[in-house]
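Q: Please take a close look at one part of this structure, the positions annotated in its database record. Kindly set them in the context of the whole, for a reader who has not met the structure before.

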Amino acid sequence: MPKNLDLFSAPAQSEQAQAAIKIGALRRQLDRWAHQYYVQDAPEVPDAEYDRAFRALQALEAQFPECVTPESPTQRVGGAPRPELTPVRHAVPMLSIHTETDVSPAGALAFDARVRRELGLAPDAPPVAYVAELKFDGLAMNLRYEAGALVQAATRGDGEVGEDVTHNIRTIRQIPLRLPSDVPAILEVRGEVYMARADFERLNEAQRERGQKTFINPRNTAAGAVRQLDPAIAAQRPLRFFAYGLGEVTPVAQGGPDFATHFDLLQQLKQWGFPVAAQTTQALGASELVAFHERIAAERDQLPYDIDGVVYKVDSLALQRQLGFKTREPRWAVAHKFPAQEMVTRIEGIDVQVGRTGKLTPVARLAPVFVGGVTVTNATLHNLFEIRKKGVRVGDEVIVRRAGDVIPEVVGVVPGKRPSYVANFRMPRQCPICGSAVVREPGEANHRCTGGLFCPAQRKEALLHFAARRAMDIDGLGEKLVDQLVDGAVVRTLPDLYRIGLVGLTALERMGEKSAQNLLAALEKSKSTTLPRFLFGLGIRQVGEATAKDLARHFGSLDAILQASTEQLLQVRDVGPVVAEAIHTFLAQPHNVEVIEQLRACGVHWPEGPPAERTQLPLAGMTVVLTGTLPTLSREAAKDLLEAAGAKVAGSVSKKTSYVVAGEEAGSKLAKAQELGVPVLDEAGLRALLGQGA
């Protein structure tokens with residue numbers, strides 16, 4: 001290909017030789033991109049870039065039909081089978097459908113006009129009935145049932161030959177393994193395998209926590225899972241399925257299901273147990289197609305899964321047969337896309353944001369780009385490890401993805417576009433908000449600010465945690481009020497809570513005098529607390545309720561904890577190196593200690609005593625499990641009593657469990673205890689164990 005050849009500009013008709021060169025270059029480029037997308041599950045460019053090249057090839061081939069060959073991407077579906085998987089020849093080809101190039105609602109008008117023209121309908125003829133569906137961003141699948149049993153699942157492949165992935169598809173719980181007796185002897189159900197956004201985010205978050213490679217997008221993650229050789233991997237991925245059509249169907253016996261419309265077919269699929277998208281609907285004429293496109297576009301971000309458009313199909317199966325096919329596409333259906341949710345842009349800088357929990361997140365500053373209907377100027381890079389894995393540097397051209405309410409993210413770098421050498425990005429050593437030390441705990445991928453009680457970025461989270469019921473139990477101090485207090489600069493640190501007066505509170509929006517008095521009373525009441533509650537309320541990373549109780553019991557006083565070395569902290573039960581280091585780092589920050597001292601100066605107090613010897617506690621070394629509802633004790637009260645007596649309260653029953661305390665509606669834990677022969681106590685037995693008598 002000539003060095004400066006523009007692949008997307010159409011040549012003059014007399015330039016057939018140059019057109020042939022451009023067509024060849026576009027075909028090779030599209031074939032490479034299709035191989036990366038369908039076979040390797042690792043797309044190099046966003047869908048919008050592929051679509052643009054595909055349309056350019058279509059235009060050139062339309063202008064120079066003598067250049068069209070059967071091998072052209074416009075004449076086949078794309079996606080060769082993987083050699084490791086058994087090829088499956090489809091009894092009925094899995095052809096793709098035409099994509100309407102106009103992403104505005106006018107695209108629906110163009111499709112309706114084309115259908116009416118093909119059917120020879122007069123302008124005053126009644127409107128055509130359609131079915132409007134979602135265009136899922138997943139992996140097309142053909143499910144073959146024989147005598148009602150699932151015998152084979154195959155990918156689309158190149159439309160004629162796909163891959164046998166039955167071993168993986170059987171792990172998807174939404175797909176029936178056996179159908180009712182009234183189904184045809186041979187029934188092929190076609191649909192889409194996909195992954196919900198929430199499931200995808202949870203999967204990636206788990207990958208990040210383990211320091212492992214994250215996945216690019218839900219579609220490719222689902223495709224990669226389906227085409228694994230090991231079904232155990234697919235079983236670990238939360239895959240789902242929607243049905244939207246049929247492949248081969250044997251003639252049914254008299255009285256069996258018969259369909260006059262595509263909508264009837266979908267209703268029958270639902271009766272047979274297949275999930276069909278709830279948004280699927282019948283639409284009469286172009287105006288209702290436009291309304292569907294606009295409605296789904298508005299709802300797109302709220303859907304739990306990714307779509308990249310909608311699909312219109314002529315509802316009457318008789319009219320579908322009359323319209324027929326054109327090369328690789330049915331004339332009776334069209335895909336009407338929405339604006340792309342992946343686009344290419346340039347990174348102009350990398351900033352660092354501090355979240356409510358102190359997590360530092362690198363954020364790419366982007367050259368503005370229109371993605372998924374909005375202009376995006378920033379995208380998350382998650383953490384330093386993600387930046388290193390993706391090889392992202394300032395000045396790179398990158399693929400940016402936006403899906404639903406998910407924060408836009410940088411998917412990857414466009415190869416070969418880096419202008420010159422640029423140094424690697426490094427995380428700051430001090431918090432960009434408060435200047436506190438930044439640390440990364442062993443085994444974690446994220447960097448965090450250590451100024452929890454001091455850092456402005458963490459104020460709201462620190463206040464809500466401090467006021468929580470299991471911490472200082474400040475009734476009435478909820479999220480909306482905390483927002484007002486912080487946003488109005490009324491409260492900057494925890495001690496400021498105890499300095500608020502009635503006048504300051506009543507000045508807040510929707511805060512009457514009675515509500516203000518109630519909050520002041522709750523604040524005053526919270527001053528009298530316990531050392532474990534206070535420690536837990538400080539929000540020290542890695543310190544939960546149980547660890548706070550262990551610290552208080554082991555050291556006896558707050559001053560002893562403040563002065564403890566890492567080695568001394570390691571002597572506390574269940575405190576390992578990571579927890580000890582987190583506590584020591586938090587208490588080594590002068591501003592954190594200053595906040596603690598100011599809280600004490602405001603009157604926050606608790607009873608203290610000499611360090612307790614755990615071995616002297618009556619239930620030391622015992623593990624107790626609580627289940628069901630006790631007559632007079634709440635679960636939390638029972639837990640407090642047990643832990644005060646030295647017992648460890650666990651969440652599951654094992655051979656090492658000392659007792660199970662069971663109340664009404666006790667479930668599987670009671671059954672497990674009886675199976676293992678673990679002693680079971682009621683509330684009276686618990687009180688006797690605690691030495692409280694009957």
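The answer below moves from the whole chain to the annotated positions, and then to several other places.

A: This is a predicted model, in which local features need pLDDT of at least 70 and side-chain atom pairs count only at pLDDT 80 or more, while totals for chains, interfaces and linings use all residues. Residues are numbered from 1 along each chain as its sequence is written, and side-chain values use heavy atoms, with hydrogens and water left out.

The protein chain has 694 residues, of which 50% count as buried; buried means under 20% relative accessible area, exposed over 50%, and partly exposed in between, with a 1.4 Å probe and protein chains only. Its C-alpha trace spans about 95 × 65 × 55 Å along the principal axes. The chain contains 24 helices and 24 strands; these are DSSP runs numbered from the N terminus, with helices (H or I) of at least four residues and strands (E) of at least two. Among contacts with a separation of 6 or more, 67% join residues 24 or more positions apart, where contact means heavy atoms within 4.5 Å.

The accessible surface of the chain comes to about 32,200 Å², and 52% of that surface belongs to carbon and sulfur atoms. Such areas come from the Shrake-Rupley method with a 1.4 Å probe, and for residues only the protein chains shown count as cover. There are 80 positive and 81 negative side chains, and the centres of the two sets lie 3 Å apart. Here Lys and Arg count as positive and Asp and Glu as negative, while His and the chain ends are not counted; the place of a charge is NZ of Lys, CZ of Arg, CG of Asp or CD of Glu.

The annotated positions come next. Under "binding site", in an unreviewed entry, UniProt lists Asp-47, Ala-48, Glu-49, Tyr-50, Asp-51, Ser-96, Ile-97, Glu-133, Arg-156, Glu-192, Lys-313 and Lys-337. These positions are spread over 291 residues of sequence and also in space, with up to 26.0 Å between C-alpha atoms. UniProt positions are given in the numbering used here, with shortened feature names, and annotations may be inferred rather than shown by experiment.

Two of the listed positions can be examined individually. Glu-49 belongs to helix H2, which covers residues 47-63, and counts as partly exposed because its relative accessibility is 25%. Ser-96 lies in the loop that runs between strand E1 (87-89) and strand E2 (98-100); at 14% relative accessibility, Ser-96 counts as buried.

The same kind of record, again an unreviewed entry, places the feature "active site" at Lys-135. Lys-135 is part of strand E3 (residues 129-136). With neighbours within four places in sequence left aside, Lys-135 is in contact with Ile-307, Asp-308, Gly-309, Val-310, Val-311, Ala-335 and Lys-337. Of these, Lys-337 also appears in the "binding site" list.

Other places in the chain complete the picture. Gln-320 sits in helix H10 (residues 317-323) and is buried because its relative accessible area is 10%. Beyond four places in sequence, Gln-320 is in contact with His-262, Val-314, Asp-315 and Trp-332.

His-382 occupies the loop between strand E16 (374-380) and helix H11 (384-390), and with a relative accessible area of 12% it is buried. The side chain of His-382 is joined to that of Glu-409 by a polar contact of 2.8 Å. A polar contact is a pair of N or O atoms within 3.5 Å; within protein, one must be able to donate a hydrogen and the other to accept it, and residues adjacent in sequence count only if both atoms are side-chain atoms. Besides Glu-409, the contacts of His-382 more than four places away in sequence include Arg-208, Lys-359 and Asn-446.

Helix H6 (residues 218-226) is largely enclosed by the rest of the structure, because 9 of its 9 residues are buried. Its buried residues include Pro-218, Arg-219 and Val-226.

Leu-617, in the loop between helix H21 (590-601) and strand E21 (623-627), is buried, with a relative accessible area of 18%. Not counting residues up to four places away in sequence, Leu-617 touches Arg-553, Ala-644, Ala-645 and Gly-646. Asp-483, by contrast, is found in helix H13 (residues 479-487) and is partly exposed, at 25% relative accessibility. With the same sequence neighbours left out, Asp-483 touches Lys-460 and Gly-488.
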